[in-house]
Amino acid sequence: MSNYNNIKGIFKRMDIQEIRNFLVENGQSSIGIDTRPYELRLEEESEDLINSLKRCCKNKEEFNEALEDFNNAVQTFQDVFTEIGMKAGARLLFQLLYQDD
C-alpha cells in the first residue's frame, strides 16, 4: 500500500502553476503556488519596473516612450509564447487522444 501514498502528492502538484514551473524552470523554483488573482500579480510585480523607468527618464515624455517600447516588447513575447503554448496544448491533446500507450 505504500505505493499509493504518493497519490496525494500527485494531486497536490496537479496545478497549472506547478506544471508551468516544471516545464519552464525544470521544477527548480521554490516559489510555490501564487494564489493572487492575475490582475493583482501583474500590478504588484510591475511596480518596480515602473519606478525604475521613472528614475531613468528625465521627463514624462521619455517615460511614456520607454513604457511604450517596453509594452511593445512584452506584447511580442506574449504573442510568441501564447502561440507556442497553443501548439504545445494541441500536440498534448493529439497525443492523449490518438497515441496508444
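Are Phe-77 and Phe-81 buried or exposed? In this predicted model, both Phe-77 and Phe-81 turn out to be exposed. The two residues sit in helix α4, four residues apart, or about one turn of the helix. Their rings form an aromatic pair of the stacked kind, with 6.2 Å from centre to centre and 15° between the planes. A stacked label calls for planes under 30 degrees apart, so the 15° between Phe-77 and Phe-81 fits it.

The count of aromatic pairs comes to two. Besides the stacked Phe-77 and Phe-81, there is a pair made by Phe-94 and Tyr-98, and this one is tilted: the ring centres are 5.2 Å apart and the planes meet at 40°. Phe-94 and Tyr-98 are also both in helix α4, with four residues, about one turn of the helix, from one to the other. As for cover, Phe-94 has a relative accessibility of 47%, so it counts as partly exposed. Tyr-98 has a relative accessible area of 59% and is therefore exposed.

Now for the overall picture. The protein chain has four helices and zero strands, which gives the pattern α-α-α-α when read along the sequence. Of the 101 residues in the chain, just 7% are buried. The accessible surface adds up to about 9500 Å², and carbon and sulfur atoms account for 57% of that.

Part of this surface is a nonpolar patch. Leu-93, Phe-94, Leu-96, Leu-97 and Tyr-98 make up this patch, which covers about 620 Å². Phe-94 and Tyr-98, the partners in the tilted pair, are thus among the residues of the patch. Another member, Leu-97, lies in helix α4. Leu-97 counts as exposed because its relative accessibility is 55%, and the cut-off for that label is over 50%.

A patch of another kind carries charge. Glu-61, Glu-62, Glu-65, Glu-68 and Asp-69 form a negative patch on the surface. One of them, Glu-68, belongs to helix α4, which spans residues 60-98. With a relative accessibility of 48%, Glu-68 counts as partly exposed. Exposed would take over 50%, which is why 48% leaves Glu-68 in the middle class.

Charges also meet in pairs. Side chains of opposite charge can pair when their charged atoms come close. Searching the whole structure turns up four salt bridges. In one of these, Arg-36 and Asp-34 are joined through their side chains, at 2.6 Å from N to O. Arg-36 also meets the side chain of Glu-44 in a salt bridge, here with an N to O distance of 2.5 Å. Asp-34, for its part, has another partner in Arg-41, and the closest N and O atoms of that bridge are 3.6 Å apart. Which residues does the network of salt bridges link? Its members are Asp-34, Arg-36, Arg-41, Glu-44 and Glu-45.

Accessibility values fill in the picture for two residues of this network. Arg-36, which bridges to Asp-34 and to Glu-44, has a relative accessibility of 24% and so counts as partly exposed. Glu-44 comes out at 34%, so Glu-44 counts as partly exposed too.

Key: Residues are numbered from 1 along each chain as its sequence is written. This is a predicted model: local features need pLDDT of at least 70, side-chain atom pairs count only at pLDDT 80 or more; totals for chains, interfaces and linings use all residues. Side-chain values use heavy atoms; hydrogens and water are left out. Patches are made of residues with over 30% relative accessible area and no salt bridge: like charges are joined within 9 Å, nonpolar side chains (Val, Leu, Ile, Met, Phe, Trp, Tyr) within 5 Å. Accessible areas come from the Shrake-Rupley method with a 1.4 Å probe; for residues, only the protein chains shown count as cover. Lys and Arg count as positive and Asp and Glu as negative; His and the chain ends are not counted. The place of a charge is taken as NZ of Lys, CZ of Arg, CG of Asp or CD of Glu. Buried means under 20% relative accessible area, exposed over 50%, partly exposed in between (1.4 Å probe, protein chains only). Rings of Phe, Tyr and Trp (its six-membered ring) pair if their centres lie within 6.5 Å; planes under 30 degrees apart count as stacked, over 60 as edge-to-face and the rest as tilted.
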